[in-house]
Amino acid sequence: MAQQPNWLASFERYLHSERQLSPHTIRNYRYELVRAGEILFKQPQGTSLEAFDDGWLTVSRDELQRVISSLHRKGLSPRSLSLCLSSLKQFFEFLVREQVIKTNPAKTLHAPKQAKPLPKNMDLDAVSHLLDIDADDPLSKRDKAIMELFYSSGLRLAELASLNVADIDLSQNEVKVMGKGSKQRVVPIGKMALAAINVWCECRHDLVKADTGDALFVSQQGKRLSHRSIQLRMKKWGQTQSLSAKVHPHKLRHSFATHMLESSADLRAVQELLGHANLSTTQIYTSLDFQHLAKVYDGAHPRAKKAKEK
């Protein structure tokens, strides 16, 4: 079969158009393949590998094992080695798919096992103290709504930053989230988060500009709030509230998961609410419908319970 030029570029187009992976993920794959290619083809760092494109078609398993071993000797962490190996497996699987090689030489390779550190979370008192802020100006009201939503629904930073006004259903107390791999899920919102979002939306129009679009959370300049801005604002509130630990979006997501598990002991429901990527391939979770998730949520989430008791 005639060989197409530039397999790396073809692989990137495949990841974008057919796999619909994020630009960040595609850049990571590209970086790992280039790093592996520099070792395979004995090229100095920064060398364009396009001239060695056909070399990928004759790579053996032993050669790839030497690449992983070389990176391991250089001190790469197990996590980084695992990412590199995953990139190689995906790339060679693409070449098999394109029928330019018969077997995937990386298929049976394994990266060193990596330790799984326990996620760091805040206890309930710390979360309550963080969220007990005097929101008397538009930015404070926005920040309170952001933090309440993080803790209420366990969203990722990218998921919250990309929310539009239409994604919040106030009548159903739920938010529509676009998660990893462009997989959409619907997650309940607690009463206290809904109240904070309503307060924010009342003053949101004061910051919105003609070209703002439908972004739910906007900056003082009327633009969609960036990931970095959200991180900095949360760090600032952690300092303002005199919390000992640094506050960041993922810590509130972990706190959400931990507190839900402590109250409900329903691991499957919490994993569904979090939108973990492995749910797309694990059928055991597919039987959980939204009504069950909402029931677990309403009965277990600390701030949802507080709202009901008032």
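Eleven aromatic pairs are found in this structure, which is a predicted model. A pair of aromatic rings is described by the distance of the centres and the angle of the planes, and the pair of Phe11 and Phe94 is a useful place to begin, with 5.6 Å centre to centre and 50° between the planes, a tilted arrangement. Phe11 belongs to helix α1 (residues 7-17) and Phe94 to helix α4 (residues 78-97), so this contact of rings ties together parts that are 83 residues apart in sequence. Both partners lie in the interior by the accessibility criterion: Phe11 is buried, with a relative accessible area of 2%, and Phe94 is likewise buried, with a relative accessible area of 4%.

A second tilted pair is formed by Phe91 and Phe92, whose ring centres lie 5.5 Å apart and whose planes make an angle of 55°; Phe91 and Phe92 are buried as well. These four phenylalanines, Phe11, Phe91, Phe92 and Phe94, belong to one aromatic cluster, whose other members are Trp7, Tyr14, Tyr29, Phe41 and Trp56. Elsewhere in the sequence, an aromatic ring has a charged neighbour: Lys236 lies over the face of Trp237, at 3.7 Å from the ring centre.

From the side chains we turn to the elements of secondary structure, of which the protein has 13 helices and three strands. The strands form an open sheet in the order β1-β2-β3, with antiparallel pairing, and its edge strands are β1 and β3, each of which pairs on one side only. Strands of a sheet pair through backbone hydrogen bonds, either parallel or antiparallel.

On one side of the sheet, strand β1 (residues 168-169) and strand β2 (residues 174-178) are joined in the antiparallel sense over two bridges, and here Ile168 stands opposite Val175 in β2. The hairpin of β1 and β2 has four residues between the strands, and Asn173 in this hairpin takes a positive phi near 55°. The pairing of β2 with strand β3 (residues 184-188) is also antiparallel and runs over five bridges, with Pro188 in β3 as the bridge partner of Glu174. In the hairpin of β2 and β3 there are five residues between the strands, and the residue with a positive phi is Gly181, at a value near 70°.

Among the helices, α5 and α6 offer an example of packing that can be followed residue by residue. Two packed helices are described by the angle between their axes and the distance between the axes. For helix α5 (residues 124-131) and helix α6 (residues 138-153), the angle is about 155° and the axes are 10 Å apart; because angles over 145 degrees count as roughly antiparallel, α5 is described as roughly antiparallel to α6. On the α5 side of this contact stand Leu124, Val127, Leu130 and Leu131, which meet Lys144, Met147, Glu148 and Tyr151 in α6.

Two values describe the protein as a whole. Of its 310 residues, 44% count as buried, Phe11 being one of the buried residues described above. Among contacts between residues at least 6 apart in sequence, 60% join residues at least 24 apart, and the pair of Phe11 and Phe94 likewise ties together parts that are 83 residues apart in sequence.

Terms used: Residues numbered from 1 in each chain as written. Predicted model: local features only at pLDDT ≥ 70, side-chain atom pairs only at ≥ 80, totals over all residues. Heavy atoms only, no water. Phe/Tyr/Trp six-rings, centres within 6.5 Å; stacked < 30°, edge-to-face > 60°. Buried < 20%, exposed > 50% of the residue type's maximum accessible area, 1.4 Å probe, protein only. Lys NZ or Arg CZ within 6 Å of the ring centre and 35° of its normal. Pairing = 2+ DSSP bridges. Axes fitted to C-alpha atoms, helices over the stretch in contact; angles between N-to-C directions. Parallel < 35°, antiparallel > 145°, perpendicular 65-115°, else oblique. Contact = heavy atoms within 4.5 Å.
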